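Trainee: I would like to understand how the words used for a structure follow from its values. Could we go through some of them step by step?

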Amino acid sequence: MLLTILLQAAAGAGLAKFGAGLGAGLAVIGAGLGIGKIGAAAMEGIARQPEATNDIRMNMIIIAALVEVSALFAIVVCGFLL
C-alpha cells in the first residue's frame with residue numbers, strides 16, 4: 001500500500017527530474033574536486049622532481065581525461081532519467 005502511494009507520488013511530483021539534477025550536480029562537483037587534486041599532486045611532483053616533468057604531465061592529462069569521461073558518463077546516465 002505504502003509503496004504504491006510512494007510510486008504514484010514519485011511519478012506525479014517529478015522526483016526523477018530532481019534525482020537527475022542532483023546526480024548530475026554531484027558528478028560535476030566530484031569531477032572538479034578530482035581534477036583539482038590531480039593538478040595539485042602533479043604540481044607537487046614536478047616541484048620535487050623537475051626532471052620528470054614530461055612524464056608527470058602526460059600522466060596527469062590521461063588521468064584528468066578519465067575523470068572527465070566518468071563525469072560525462074554520469075551526466076548522460078542522469079539525462080536518461082528524464
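**From values to words**

Trainee: What makes T53 count as buried?
Mentor: In this predicted model, T53 has a relative accessibility of 16%, and because buried means under 20%, T53 counts as buried. T53 lies in helix α3, which covers residues 53-81.

Trainee: Why is the approach of the T53 side chain to the backbone oxygen of P50 called a polar contact?
Mentor: The side chain of T53 reaches that oxygen of P50 at 2.5 Å, and the cut-off for such a pair of N or O atoms is within 3.5 Å, so the pair counts as a polar contact.

Trainee: Why are α2 and α3 called roughly antiparallel?
Mentor: The axes of helix α2 (residues 15-48) and α3 cross at roughly 175° and come within 8 Å; since angles over 145 degrees count as roughly antiparallel, that is the word for α2 and α3. By class, their contact has 20 nonpolar, 4 polar and 1 charged residues.

Trainee: How do you know that R48 and E44 form a salt bridge?
Mentor: Their side chains meet at 3.1 Å, N to O, and the definition asks for a distance within 4 Å, so the pair qualifies as a salt bridge. The structure holds 1 salt bridge. Because R48 and E44 are 4 residues apart in helix α2, about one helical turn separates them.

Trainee: What makes R48 exposed, and E44 partly exposed?
Mentor: R48, at 64% relative accessibility, counts as exposed, because the cut-off is over 50%, whereas E44, with a relative accessible area of 42%, falls between the two cut-offs and is therefore partly exposed.

Definitions and conventions:
Residues are numbered from 1 along each chain as its sequence is written. This is a predicted model: local features need pLDDT of at least 70, side-chain atom pairs count only at pLDDT 80 or more; totals for chains, interfaces and linings use all residues. Side-chain values use heavy atoms; hydrogens and water are left out. Helices (H or I, at least four residues) and strands (E, at least two) are DSSP runs, numbered from the N terminus. Buried means under 20% relative accessible area, exposed over 50%, partly exposed in between (1.4 Å probe, protein chains only). A polar contact is a pair of N or O atoms within 3.5 Å; within protein, one must be able to donate a hydrogen and the other to accept it, and residues adjacent in sequence count only if both atoms are side-chain atoms. Axes are lines fitted to C-alpha atoms, for helices over the stretch in contact, and angles run from 0 to 180 degrees between N-to-C directions. Angles under 35 degrees count as roughly parallel, over 145 as roughly antiparallel, 65 to 115 as roughly perpendicular and the rest as oblique. Ala, Val, Leu, Ile, Met, Phe, Trp, Tyr, Cys and Pro count as nonpolar, Asp, Glu, Lys and Arg as charged, and the others, Gly among them, as polar.
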